[in-house]
Amino acid sequence: MEAFKEILRRLEPELTAMNRIIDSSLSTQNAVMNAVVRKYLSTKGKQIRPILVILGAKMFGEVNRSVLCAGAAMEMLHNASLIHDDIVDETGLRRGCPTINATMGNQIAVLVGDFFVSRSLSVGIDSGSMEVVAALSSLGTELSLGEIDQITTAREHHFDKESYFEVIRQKTASLFMSCVRMGMEVGGAPADVTAPMVRYAELLGLCFQIKDDIFDYYPNPQIGKPTGNDLREGKVTLPLLCALQTAPEDESRRMKELICRGDLTAADIERLVEFAREYKGIDDAYDIMDSLRRQADDIILQFPESESRQSFRDIFDYIISRDR
(Lines give C-alpha, C1' and ligand atoms only; values in the text may rest on other atoms or scores of the structure.)
Protein backbone atom coordinates (compact mmCIF):
# COMPACT_ATOMS: atom_id res chain seq x y z
CA MET A 1 0.00 0.00 0.00
CA GLU A 2 2.88 2.38 0.78
CA ALA A 3 4.32 1.79 -2.68
CA PHE A 4 0.97 2.71 -4.22
CA LYS A 5 0.83 5.90 -2.16
CA GLU A 6 4.26 6.75 -3.52
CA ILE A 7 2.94 6.33 -7.06
CA LEU A 8 0.11 8.73 -6.27
CA ARG A 9 2.64 11.21 -4.88
CA ARG A 10 4.79 10.99 -8.01
CA LEU A 11 1.80 11.50 -10.30
CA GLU A 12 -0.05 14.08 -8.19
CA PRO A 13 0.29 16.97 -10.70
CA GLU A 14 -0.92 14.84 -13.62
CA LEU A 15 -3.78 13.23 -11.68
CA THR A 16 -4.92 16.60 -10.34
CA ALA A 17 -5.03 18.04 -13.86
CA MET A 18 -6.83 14.96 -15.17
CA ASN A 19 -9.46 15.09 -12.43
CA ARG A 20 -10.13 18.72 -13.30
CA ILE A 21 -10.96 17.55 -16.82
CA ILE A 22 -13.32 14.91 -15.43
CA ASP A 23 -15.06 17.37 -13.10
CA SER A 24 -15.47 19.95 -15.85
CA SER A 25 -16.77 17.41 -18.34
CA LEU A 26 -19.38 15.99 -15.97
CA SER A 27 -20.76 19.38 -14.93
CA THR A 28 -24.26 20.12 -16.32
CA GLN A 29 -27.23 22.44 -15.83
CA ASN A 30 -29.25 19.53 -14.40
CA ALA A 31 -29.35 19.64 -10.60
CA VAL A 32 -30.27 15.97 -10.19
CA MET A 33 -27.47 14.74 -12.48
CA ASN A 34 -24.95 17.02 -10.76
CA ALA A 35 -25.94 15.75 -7.32
CA VAL A 36 -25.75 12.09 -8.34
CA VAL A 37 -22.42 12.53 -10.12
CA ARG A 38 -20.92 14.54 -7.27
CA LYS A 39 -21.91 11.90 -4.72
CA TYR A 40 -20.64 9.10 -6.96
CA LEU A 41 -17.25 10.76 -7.53
CA SER A 42 -16.83 11.41 -3.79
CA THR A 43 -16.14 7.69 -3.39
CA LYS A 44 -14.01 7.20 -6.50
CA GLY A 45 -11.59 4.29 -6.48
CA LYS A 46 -7.82 4.18 -6.85
CA GLN A 47 -7.94 5.39 -10.48
CA ILE A 48 -5.57 2.60 -11.52
CA ARG A 49 -6.68 2.75 -15.16
CA PRO A 50 -5.86 6.42 -15.81
CA ILE A 51 -2.65 5.92 -13.84
CA LEU A 52 -1.72 3.27 -16.42
CA VAL A 53 -2.45 5.76 -19.22
CA ILE A 54 -0.16 8.33 -17.63
CA LEU A 55 2.60 5.83 -16.80
CA GLY A 56 2.51 4.48 -20.35
CA ALA A 57 3.15 7.99 -21.62
CA LYS A 58 5.80 8.87 -19.00
CA MET A 59 7.84 5.70 -19.43
CA PHE A 60 8.53 6.18 -23.14
CA GLY A 61 7.30 9.67 -24.08
CA GLU A 62 5.66 12.66 -22.43
CA VAL A 63 2.45 13.53 -20.60
CA ASN A 64 0.60 16.21 -22.58
CA ARG A 65 -3.02 17.38 -22.54
CA SER A 66 -3.99 14.64 -24.99
CA VAL A 67 -2.69 12.03 -22.52
CA LEU A 68 -4.67 13.64 -19.68
CA CYS A 69 -7.83 13.65 -21.81
CA ALA A 70 -7.23 10.00 -22.68
CA GLY A 71 -6.88 9.12 -18.99
CA ALA A 72 -10.02 11.07 -18.10
CA ALA A 73 -12.00 9.41 -20.89
CA MET A 74 -10.89 5.94 -19.81
CA GLU A 75 -11.79 6.61 -16.19
CA MET A 76 -15.28 7.82 -17.13
CA LEU A 77 -15.86 4.83 -19.40
CA HIS A 78 -14.73 2.53 -16.59
CA ASN A 79 -17.13 4.19 -14.17
CA ALA A 80 -19.95 3.85 -16.70
CA SER A 81 -19.28 0.11 -16.87
CA LEU A 82 -19.36 -0.14 -13.06
CA ILE A 83 -22.69 1.70 -12.87
CA HIS A 84 -24.21 -0.57 -15.50
CA ASP A 85 -22.70 -3.69 -13.85
CA ASP A 86 -24.33 -2.73 -10.56
CA ILE A 87 -27.70 -2.62 -12.30
CA VAL A 88 -27.21 -5.98 -14.02
CA ASP A 89 -25.92 -7.64 -10.82
CA GLU A 90 -28.44 -5.83 -8.58
CA THR A 91 -25.53 -4.70 -6.41
CA GLY A 92 -26.45 -2.65 -3.34
CA LEU A 93 -22.98 -1.55 -2.25
CA ARG A 94 -19.79 -0.48 -4.02
CA ARG A 95 -16.68 0.70 -2.17
CA GLY A 96 -18.71 0.43 1.00
CA CYS A 97 -21.34 2.94 -0.16
CA PRO A 98 -24.87 2.46 -1.58
CA THR A 99 -24.90 2.20 -5.38
CA ILE A 100 -26.84 4.59 -7.60
CA ASN A 101 -29.34 1.88 -8.50
CA ALA A 102 -29.89 1.12 -4.80
CA THR A 103 -30.58 4.73 -3.87
CA MET A 104 -32.07 6.24 -7.05
CA GLY A 105 -33.46 3.20 -8.87
CA ASN A 106 -32.48 1.53 -12.12
CA GLN A 107 -33.92 4.24 -14.38
CA ILE A 108 -31.70 6.97 -12.99
CA ALA A 109 -28.71 4.62 -12.78
CA VAL A 110 -28.99 3.63 -16.46
CA LEU A 111 -29.16 7.27 -17.50
CA VAL A 112 -26.19 8.23 -15.33
CA GLY A 113 -24.18 5.38 -16.83
CA ASP A 114 -25.13 6.52 -20.33
CA PHE A 115 -24.14 10.07 -19.42
CA PHE A 116 -20.68 8.87 -18.35
CA VAL A 117 -20.29 7.03 -21.68
CA SER A 118 -21.22 10.11 -23.73
CA ARG A 119 -18.92 12.39 -21.75
CA SER A 120 -16.12 9.86 -22.11
CA LEU A 121 -16.45 10.01 -25.88
CA SER A 122 -16.60 13.81 -25.79
CA VAL A 123 -13.37 14.05 -23.81
CA GLY A 124 -11.86 11.49 -26.16
CA ILE A 125 -12.59 13.86 -29.03
CA ASP A 126 -11.06 16.73 -27.04
CA SER A 127 -7.82 14.75 -26.92
CA GLY A 128 -7.42 15.47 -30.62
CA SER A 129 -6.48 11.86 -31.24
CA MET A 130 -8.58 9.57 -33.39
CA GLU A 131 -6.69 6.67 -31.82
CA VAL A 132 -8.27 7.57 -28.48
CA VAL A 133 -11.78 7.81 -29.95
CA ALA A 134 -11.32 4.51 -31.80
CA ALA A 135 -10.01 2.82 -28.64
CA LEU A 136 -12.98 4.03 -26.59
CA SER A 137 -15.43 2.75 -29.19
CA SER A 138 -13.69 -0.61 -29.49
CA LEU A 139 -13.40 -0.96 -25.74
CA GLY A 140 -17.11 -0.32 -25.21
CA THR A 141 -17.80 -3.24 -27.52
CA GLU A 142 -15.25 -5.48 -25.78
CA LEU A 143 -16.60 -4.77 -22.30
CA SER A 144 -20.19 -5.44 -23.36
CA LEU A 145 -19.29 -8.71 -25.05
CA GLY A 146 -17.24 -9.75 -22.02
CA GLU A 147 -20.24 -9.26 -19.73
CA ILE A 148 -22.52 -11.19 -22.08
CA ASP A 149 -19.99 -14.00 -22.32
CA GLN A 150 -19.79 -14.14 -18.52
CA ILE A 151 -23.56 -14.38 -18.21
CA THR A 152 -23.66 -17.05 -20.92
CA THR A 153 -20.83 -19.01 -19.31
CA ALA A 154 -22.68 -18.93 -15.98
CA ARG A 155 -25.96 -20.05 -17.53
CA GLU A 156 -24.36 -22.85 -19.54
CA HIS A 157 -22.21 -23.94 -16.58
CA HIS A 158 -18.79 -23.99 -18.19
CA PHE A 159 -16.20 -25.42 -15.81
CA ASP A 160 -13.00 -24.90 -17.83
CA LYS A 161 -10.28 -22.37 -17.14
CA GLU A 162 -10.02 -21.44 -20.82
CA SER A 163 -13.55 -19.97 -20.80
CA TYR A 164 -12.85 -18.20 -17.54
CA PHE A 165 -9.67 -16.53 -18.81
CA GLU A 166 -11.32 -15.48 -22.06
CA VAL A 167 -14.11 -13.80 -20.12
CA ILE A 168 -11.82 -11.90 -17.75
CA ARG A 169 -9.55 -10.90 -20.63
CA GLN A 170 -12.54 -9.25 -22.32
CA LYS A 171 -14.29 -7.76 -19.30
CA THR A 172 -11.25 -6.61 -17.29
CA ALA A 173 -7.86 -7.02 -18.94
CA SER A 174 -8.99 -5.33 -22.17
CA LEU A 175 -9.41 -2.05 -20.28
CA PHE A 176 -5.91 -2.27 -18.79
CA MET A 177 -4.49 -3.06 -22.22
CA SER A 178 -6.26 -0.11 -23.84
CA CYS A 179 -5.05 2.25 -21.11
CA VAL A 180 -1.37 1.42 -21.60
CA ARG A 181 -1.65 1.35 -25.40
CA MET A 182 -3.45 4.69 -25.45
CA GLY A 183 -0.95 6.39 -23.13
CA MET A 184 1.97 5.16 -25.17
CA GLU A 185 0.50 6.11 -28.53
CA VAL A 186 -0.67 9.57 -27.50
CA GLY A 187 2.49 10.21 -25.46
CA GLY A 188 4.72 9.49 -28.45
CA ALA A 189 6.30 6.18 -27.41
CA PRO A 190 8.31 4.25 -30.02
CA ALA A 191 6.14 1.73 -31.84
CA ASP A 192 8.40 -1.26 -31.08
CA VAL A 193 7.80 -1.10 -27.32
CA THR A 194 4.01 -0.95 -27.50
CA ALA A 195 3.22 -4.66 -28.02
CA PRO A 196 5.25 -5.98 -25.05
CA MET A 197 3.84 -3.33 -22.71
CA VAL A 198 0.28 -4.09 -23.82
CA ARG A 199 0.97 -7.73 -22.98
CA TYR A 200 2.26 -6.56 -19.58
CA ALA A 201 -1.02 -4.71 -19.08
CA GLU A 202 -2.98 -7.83 -20.04
CA LEU A 203 -1.20 -9.86 -17.36
CA LEU A 204 -1.87 -7.05 -14.88
CA GLY A 205 -5.56 -6.99 -15.74
CA LEU A 206 -5.90 -10.75 -15.44
CA CYS A 207 -4.38 -10.64 -11.96
CA PHE A 208 -6.66 -7.78 -10.98
CA GLN A 209 -9.75 -9.84 -11.80
CA ILE A 210 -8.40 -13.03 -10.22
CA LYS A 211 -7.77 -11.14 -6.96
CA ASP A 212 -11.24 -9.62 -7.19
CA ASP A 213 -12.67 -13.13 -7.54
CA ILE A 214 -10.71 -14.37 -4.54
CA PHE A 215 -12.41 -11.72 -2.41
CA ASP A 216 -15.69 -13.57 -2.96
CA TYR A 217 -14.42 -16.36 -0.70
CA TYR A 218 -13.76 -14.15 2.33
CA PRO A 219 -16.01 -11.80 4.34
CA ASN A 220 -14.91 -8.25 3.64
CA PRO A 221 -17.52 -5.46 3.77
CA GLN A 222 -15.01 -2.96 2.38
CA ILE A 223 -15.26 -4.41 -1.12
CA GLY A 224 -19.00 -3.85 -1.32
CA LYS A 225 -20.25 -7.38 -1.85
CA PRO A 226 -20.97 -10.29 0.49
CA THR A 227 -19.03 -13.53 0.48
CA GLY A 228 -20.34 -15.89 -2.19
CA ASN A 229 -21.95 -13.16 -4.28
CA ASP A 230 -20.45 -14.48 -7.53
CA LEU A 231 -21.69 -17.97 -6.70
CA ARG A 232 -25.20 -16.66 -6.11
CA GLU A 233 -25.09 -15.25 -9.64
CA GLY A 234 -23.92 -18.59 -11.04
CA LYS A 235 -20.37 -17.36 -11.73
CA VAL A 236 -17.76 -20.06 -11.24
CA THR A 237 -14.44 -18.24 -10.87
CA LEU A 238 -10.84 -19.39 -10.64
CA PRO A 239 -10.64 -20.53 -6.98
CA LEU A 240 -13.59 -22.89 -7.45
CA LEU A 241 -12.39 -24.03 -10.89
CA CYS A 242 -9.02 -24.95 -9.37
CA ALA A 243 -10.69 -26.85 -6.53
CA LEU A 244 -12.97 -28.72 -8.95
CA GLN A 245 -9.87 -29.79 -10.85
CA THR A 246 -8.01 -30.91 -7.70
CA ALA A 247 -10.78 -32.63 -5.72
CA PRO A 248 -11.64 -36.34 -6.08
CA GLU A 249 -13.88 -36.95 -9.07
CA ASP A 250 -16.97 -37.87 -7.02
CA GLU A 251 -16.71 -34.80 -4.82
CA SER A 252 -16.10 -32.56 -7.81
CA ARG A 253 -19.13 -34.03 -9.59
CA ARG A 254 -21.37 -33.36 -6.57
CA MET A 255 -20.28 -29.73 -6.47
CA LYS A 256 -20.95 -29.32 -10.20
CA GLU A 257 -24.41 -30.82 -9.77
CA LEU A 258 -25.08 -28.38 -6.94
CA ILE A 259 -24.06 -25.42 -9.10
CA CYS A 260 -26.08 -26.62 -12.10
CA ARG A 261 -29.18 -26.98 -9.94
CA GLY A 262 -29.25 -23.21 -9.40
CA ASP A 263 -31.17 -21.21 -6.77
CA LEU A 264 -28.36 -21.76 -4.29
CA THR A 265 -29.22 -21.36 -0.62
CA ALA A 266 -26.95 -19.78 1.99
CA ALA A 267 -25.98 -23.29 3.08
CA ASP A 268 -25.13 -24.21 -0.53
CA ILE A 269 -22.91 -21.14 -0.85
CA GLU A 270 -21.13 -21.96 2.39
CA ARG A 271 -20.58 -25.53 1.21
CA LEU A 272 -19.04 -24.36 -2.08
CA VAL A 273 -16.84 -21.79 -0.37
CA GLU A 274 -15.55 -24.40 2.08
CA PHE A 275 -14.99 -26.81 -0.80
CA ALA A 276 -12.82 -24.22 -2.59
CA ARG A 277 -10.81 -23.67 0.59
CA GLU A 278 -10.47 -27.37 1.46
CA TYR A 279 -9.09 -28.29 -1.96
CA LYS A 280 -6.67 -25.35 -2.07
CA GLY A 281 -8.48 -23.51 -4.85
CA ILE A 282 -7.57 -20.12 -3.38
CA ASP A 283 -3.93 -21.14 -2.94
CA ASP A 284 -3.83 -22.33 -6.55
CA ALA A 285 -5.31 -19.03 -7.72
CA TYR A 286 -2.53 -17.16 -5.89
CA ASP A 287 0.03 -19.46 -7.52
CA ILE A 288 -1.39 -18.60 -10.93
CA MET A 289 -1.14 -14.88 -10.13
CA ASP A 290 2.50 -15.35 -9.10
CA SER A 291 3.17 -17.07 -12.42
CA LEU A 292 1.55 -14.21 -14.33
CA ARG A 293 3.59 -11.69 -12.35
CA ARG A 294 6.82 -13.51 -13.22
CA GLN A 295 5.85 -13.38 -16.89
CA ALA A 296 5.20 -9.66 -16.52
CA ASP A 297 8.58 -9.09 -14.89
CA ASP A 298 10.29 -10.88 -17.77
CA ILE A 299 8.72 -8.26 -20.04
CA ILE A 300 9.28 -5.03 -18.15
CA LEU A 301 12.79 -5.77 -16.88
CA GLN A 302 13.96 -5.68 -20.50
CA PHE A 303 13.50 -1.90 -20.43
CA PRO A 304 15.87 0.61 -18.78
CA GLU A 305 15.37 1.30 -15.10
CA SER A 306 13.19 4.34 -14.45
CA GLU A 307 10.68 5.73 -11.99
CA SER A 308 7.84 4.75 -14.33
CA ARG A 309 9.14 1.21 -14.73
CA GLN A 310 9.22 0.84 -10.95
CA SER A 311 5.72 2.27 -10.70
CA PHE A 312 4.43 -0.37 -13.12
CA ARG A 313 5.99 -3.08 -10.95
CA ASP A 314 4.65 -1.50 -7.76
CA ILE A 315 1.11 -1.49 -9.18
CA PHE A 316 1.43 -5.18 -9.97
CA ASP A 317 2.49 -5.93 -6.39
CA TYR A 318 -0.31 -3.76 -5.03
CA ILE A 319 -2.96 -5.50 -7.11
CA ILE A 320 -1.94 -8.93 -5.81
CA SER A 321 -1.55 -7.86 -2.17
CA ARG A 322 -4.52 -5.44 -1.84
CA ASP A 323 -7.23 -6.23 0.69
CA ARG A 324 -10.14 -4.62 -1.18
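The following paragraphs describe a predicted model, from the overall fold to the core, one helix in detail, and the charged pairs.

The chain contains 16 helices and 2 strands. Its radius of gyration is 20 Å, close to the 20 Å that the globule rule gives for 324 residues, so the chain is as compact as a globular protein of that length. Measured out along the principal axes, the C-alpha trace spans about 60 × 50 × 35 Å. Of the 324 residues, 53% are buried. Among contacts between residues at least 6 apart in sequence, 76% join residues that are at least 24 apart.

The interior comes next. The largest nonpolar core comprises 104 residues, and those with the most contacts inside it are F116, M197 and L240. Helix 5, which covers residues 65–89, gives the most to this core, with 13 residues. The surroundings of F116 can be listed in full once residues up to four places away in sequence are set aside: F116 touches L26, V37, Y40, L41, M76, N79, A80 and I83.

Two further residues may be examined individually. I108 is found in helix 7, which runs over residues 106–126. With a relative accessibility of 26%, I108 counts as partly exposed, because the buried class ends at 20%. I108 and S118 are 10 residues apart in sequence, and their C-alpha atoms are 15 Å apart in space. T194 lies in helix 10. Its relative accessible area is 13%, and T194 is therefore buried. Leaving aside residues up to four places away in sequence, T194 touches R181 and M184.

Helix 15 permits a closer reading. This helix has 20 residues, 281–300, which at 1.5 Å a residue should span 28 Å; the end C-alpha atoms are 29 Å apart, which agrees. Which residues of helix 15 are buried? They are G281, I282, A285, M289, L292, A296, D297, I299 and I300. These residues cover an arc of only 165° around the axis, which means that they sit on the same side of helix 15. On the other side of helix 15, R294 and D298 are exposed. What covers the buried residues of helix 15? The covering elements include helix 4 (48–60), helix 10 (194–215), helix 12 (238–246), helix 14 and helix 16 (307–321). Helix 10, which contains T194, is thus also among the elements that cover the buried residues of helix 15.

The charged side chains complete the picture. Side chains of opposite charge can pair when their charged atoms come close. The structure holds 17 salt bridges, and three of them may be considered in turn. An α-helix has 3.6 residues a turn, so residues three or four places apart point the same way.

In helix 1, which spans residues 2–10, the side chains of E2 and K5 form a salt bridge with an N to O distance of 3.7 Å. Why can these two side chains meet? E2 and K5 are 3 residues apart in helix 1, and so are separated by about one helical turn. E2 counts as exposed, because its relative accessibility of 59% is over the 50% limit. K5 is partly exposed, with a relative accessible area of 43%.

Helix 1 also holds the pair R9 and E6, whose side chains meet in a salt bridge at 2.4 Å, N to O. R9 and E6 are likewise 3 residues apart, and therefore about one helical turn separates them. R9 has a relative accessible area of 48% and is partly exposed. E6 counts as partly exposed as well, at 28% relative accessibility.

A third pair lies in helix 14, residues 266–278, where E274 and R277 are 3 residues apart and so separated by about one helical turn. Their side chains meet in a salt bridge at 3.0 Å, N to O. E274 is partly exposed, with a relative accessible area of 40%, and R277 counts as partly exposed at 30% relative accessibility. Some salt bridges share partners, and such bridges join E6, R9 and R10 into one network. Helix 14, which carries the E274 and R277 pair, is also one of the elements that cover the buried residues of helix 15.

Conventions. Residues are numbered from 1 along each chain as its sequence is written. This is a predicted model: local features need pLDDT of at least 70, side-chain atom pairs count only at pLDDT 80 or more; totals for chains, interfaces and linings use all residues. Side-chain values use heavy atoms; hydrogens and water are left out. A nonpolar core is a set of buried Ala, Val, Leu, Ile, Met, Phe, Trp, Tyr and Cys residues joined through side-chain atoms within 4.5 Å. Buried means under 20% relative accessible area, exposed over 50%, partly exposed in between (1.4 Å probe, protein chains only). Helices (H or I, at least four residues) and strands (E, at least two) are DSSP runs, numbered from the N terminus. Contact means heavy atoms within 4.5 Å. A salt bridge is a side-chain nitrogen of Lys or Arg within 4 Å of a carboxyl oxygen of Asp or Glu. The expected span of a helix is 1.5 Å times one less than its number of residues. The arc is that of the directions from the helix axis to the C-beta atoms. The radius of gyration is taken over C-alpha atoms; the globule rule is 2.2 Å times the number of residues to the power 0.38.
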